[in-house]
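Please take a moment to look over the sequence and the structure shown here before reading on. The paragraphs that follow walk through some of the ways in which helices and strands are arranged.

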Amino acid sequence: MLKAALVKVSLKEPAGRVAEMLAALRSFGTQEVYLVHVRTSASRAFPKKKRVLLERLREKAEALGLIAEVHILHGHVPTRILQAAWQLDADYIAIAWVHKAVLRQALLGSIDVDIVRMSDSPVFIFKRRFLGRTENLDSVLYATDFQATDRKVMPYLKNKGFQARMLYMLHVGDRAPDPATDKARRKEVLANLDRLANDCAHAYESVKALEVMGSVGRTIVRTAKSTGVELIIVGKVDHPDLFKKLTGSVADQLPHRAPCSVFIIPGFRPDSDAGKERA
Amino acid sequence: MKGLLQRNFVFIVSLAIVLALAAVGAASPENLDAWTAWLHGAIIEHFGWCYLVAAFFFLLFSLSFAFSRYGQIKLGHDHEKPRFSLFGWFSMLFAAGMGIGLIFWGVAEPMSHYLHPPPYLTGESGEAAKFAMRFAFFHWGVQPWAIYIIMSLSIAYFSFRRGMPPLISSCFYPLLGERINGATGLFIDTLAVFATVFGIVTSLGLGAIQINAGLGSVFHFSTGFGTTLAIVAVVTVLFMISSMTGLDKGIQILSKANVMLAVLLLAFMLAVGPTTMMFNIFTSTLADYLSSLFSMSLSTNPFRGYEWTQSWTLFYWAWWISWSPFVGLFVASISRGRTIREFVLGAMLAPTLLTFLWFSVFGGAAFHLELQQGATIAEAVAQDVSTGLFKVYAHYPLSSALTMVTVLLLVVFFVTSADSATFVLAMMTSRGVETPSALKKLTWGVTVSTTAAVLLFSGGLEALQRMAIAAALPFTAIMLFMCRSLLKGVRYEFRHERGDTSRKD
């Protein structure tokens, strides 16, 4: 399921960050990586130094037991990365997150955020080493809204690649307008969380359901901090409303704010999914 | 004992604050006057712009709410029908929201603006007359109703549709959860009681003064504290009787009678007065009002005329906001069974139309006398605001009868306002019980009347009015959060209870 990863390499990442990420990718059961660098300069010549760096990365990947290929492309970075993921049939895209200052982010934007926003494939944002572990993750947090994204995300959670010792199943909801409805809502939420927890209980030592109220993005980050998880998994809806288009969806904002790595899995797309079903 | 204290916390605390402030106003009116003048001045000076922005926001919010998909939500259960007929509902709306003030200011406000416009206009000019009518429309137009609508819509939604007690604190459940039963909720409810009591005391005092002036002009007696006190006593007895008969009978009958009387008075003035001029004033001022609504709504005149804006527009906005807990609760309690769209459009347009007609007819009559017959209505208003309308009547046939009808109208509007205020106060201090005890209604009725009488005697009435207006500042913030809470509430209903799947994260 997550066997082949397209790894975006800008060559501006801090030393060793991509290598750390490659080690982490094995935790998902990944066996094959495509190291893709997209050039934006108009110059035809590709600096030898950069080629050497890419080769070194390939060697490191192979040393970790991964099958690795280097691809050097040219053009608009997000578009070319997404095209490459499709052409190479990569199961997901992996990005070693480089933090940008607020002002820089506001003025120049972020290629990585654009990839997250535009991608139809799952995107893994690597923010921190998994505490030196080379095998399974210790704890993972899945933020569910019980909507169409569950259909896409649950197969990943049940997948052996995602195996971790502990899974936190989090639902962030709105308080109902009155106490009686709110009581019923909480009961329903807990029942739904239990159902999802039972579905993937076999893959984890422990699954814990968490029901919290508040702003979705902020609450996910707060819960990730308080539980000390190593990875947040969220679904992404592809048709945000106007407000979300202006401010960015939760999935767009999480890479900036999350204290740990984030796995973003695109959700239900009415057109494409209907097309697939017809096909 | 502890349970009794908890149940009556808002009642005890607010009654204690009211009595303490009334005692200070009676014992040392100068100190209360100086202190409240400073507080009121500081708030209007530094936060006046907030009132303008907030009132405009409330207008946009309520209109967009009415025309959105949320407009179809019923303020009650889905198959519930409105409890009051359209005429009964509209009459009570008008009586509680505007009634008495409109009689007081129908002539006085256009004349005051005409005589003393902002410094960029020349007083007693054609431009000043146009300005006077436009701003009279503005101050009594859609914004005050938008303020009331936000409050009453929230209360009605959370109480009648969501089954919570009709309290202002109930509107914050989506934001505060169970904390509405704690200190935050108690603070909001106590502040609402506080603003309502001081508002109604001030209104009772000023209304008594105007009734006194009207009676004095008919029966030619010198008006003094004794007659004002007698008027307060009579009004108190009347509104207590009305209050004891309940909402269905007392207030509704009085309100209907009053609106009919007001329309009769309006029709008489329209027929006997300069009809064409009145219609011309109505038409051109309506055009002026609509075309400049945006600029008037957000203009504080910071370069020239800021003081005028402070003493009129900002004062009005603060006054409407401070009145909103009372009017909001009352209007909510009579609007059960109506849809949000019907409620917003009905409450915003029907009373506003009658108000505009009222200003056009009575303001037009005053302008006709002032500009074409050489009468000195504006000067008379400058000397005593409460006599403006009676000075106009003096130039009309059946002036004594008109004055008596107006005094009757004042008394009945008064009784209606005081009756509904007593009902609302008793409800707010009984944790939202829809049929509060007679003892609580009696306690608030007597407290309001006694405070008004004491402050009329000591001269602390204006100070108390400033206290009520000071409460508008926290209430502006409370109402903005209320909009957020209401939106969360209806969104939840659409997403989770009506199967709306358009949520996007």
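In which hand, left or right, does helix 3 of chain B pass helix 14 of chain B? The model is a predicted one, and in it the crossing of helix 3 of chain B with helix 14 of chain B is left-handed. To find this pair, look for helix 3 at residues 29-67 of chain B and helix 14 at residues 306-334 of chain B, whose axes come within 9 Å and cross at roughly 65°. On the side of helix 3 of chain B the contact is made by B:Ile44, B:Gly48, B:Tyr51, B:Leu52 and B:Ala55, and these meet B:Gln310, B:Leu314, B:Trp317, B:Ala318 and B:Ile321 of helix 14 of chain B. Sorted by class, the residues of this contact comprise eight nonpolar and two polar ones, with no charged residue.

A second pair in chain B can be read in the same way. Helix 7 (residues 142-161) of chain B and helix 21 (residues 472-497) of chain B have axes that come within 10 Å and cross at roughly 40°, and the two helices are therefore oblique to each other. Their crossing is left-handed. From helix 7 of chain B the residues B:Ile150, B:Met151, B:Leu153, B:Ser154, B:Tyr157 and B:Phe158 take part, while helix 21 of chain B brings B:Met479, B:Met482, B:Cys483, B:Ser485, B:Leu486 and B:Gly489. This contact of helix 7 with helix 21 of chain B holds nine nonpolar and three polar residues, and no charged ones.

The third pair joins helix 5 (residues 99-115) of chain B to helix 6 (residues 126-139) of chain B, which pack at an angle of about 140° with their axes 8 Å apart. That angle makes helix 5 of chain B oblique to helix 6 of chain B, and the crossing here is right-handed. B:Glu109, B:Pro110, B:His113 and B:Tyr114 of helix 5 of chain B face a set of residues in helix 6 of chain B, among them B:Ala128, B:Phe131 and B:Met133. By class, the contact of helix 5 with helix 6 of chain B has nine nonpolar residues, one polar residue and one charged residue.

Turning to chain A, we come to a sheet. General background helps here: strands of a sheet pair through backbone hydrogen bonds, in either a parallel or an antiparallel sense. In chain A, 10 strands form an open sheet with mixed pairing, in the order 3-2-1-4-5-10-9-6-7-8. Strand 3 (67-74) and strand 8 (206-213) of chain A stand at the edges with a single partner strand each, so one side of each has no neighbour in the sheet. On average, neighbouring strands of this sheet are turned by 20° against each other, direction ignored. At one edge, strand 7 (residues 164-173) of chain A pairs with strand 8 of chain A in the parallel sense over eight bridges, and A:Met169 has A:Ala209 in strand 8 of chain A as its bridge partner.

Helices also lie across strands of chain A. Helix 2 (residues 48-63) of chain A lies across strand 2 (32-39) and strand 3 of chain A, and runs at about 155° to strand 3. Helix 3 (residues 77-87) of chain A lies across strand 1 (4-8), strand 2, strand 3 and strand 4 (92-96) of chain A, running at about 150° to strand 2 of chain A.

Finally, the domain assignment of chain A gives domain 1 (4-126) and domain 2 (137-278). Their contact takes 15 residues from domain 1 of chain A and 13 residues from domain 2 of chain A.

Note on methods:
Residues are numbered from 1 along each chain as its sequence is written. Chains are lettered from A and ligands numbered from 1 in the order in which they are written. This is a predicted model: local features need pLDDT of at least 70, side-chain atom pairs count only at pLDDT 80 or more; totals for chains, interfaces and linings use all residues. Axes are lines fitted to C-alpha atoms, for helices over the stretch in contact, and angles run from 0 to 180 degrees between N-to-C directions. Helices (H or I, at least four residues) and strands (E, at least two) are DSSP runs, numbered from the N terminus. Angles under 35 degrees count as roughly parallel, over 145 as roughly antiparallel, 65 to 115 as roughly perpendicular and the rest as oblique. A crossing is left-handed if the near helix is turned anticlockwise from the far one by less than a right angle, and right-handed if clockwise. Two residues are in contact if their C-beta atoms, placed from the backbone, lie within 7 Å. Ala, Val, Leu, Ile, Met, Phe, Trp, Tyr, Cys and Pro count as nonpolar, Asp, Glu, Lys and Arg as charged, and the others, Gly among them, as polar. Two strands pair if DSSP finds at least two bridges between them. Domain bounds come from an automatic or database domain assignment.
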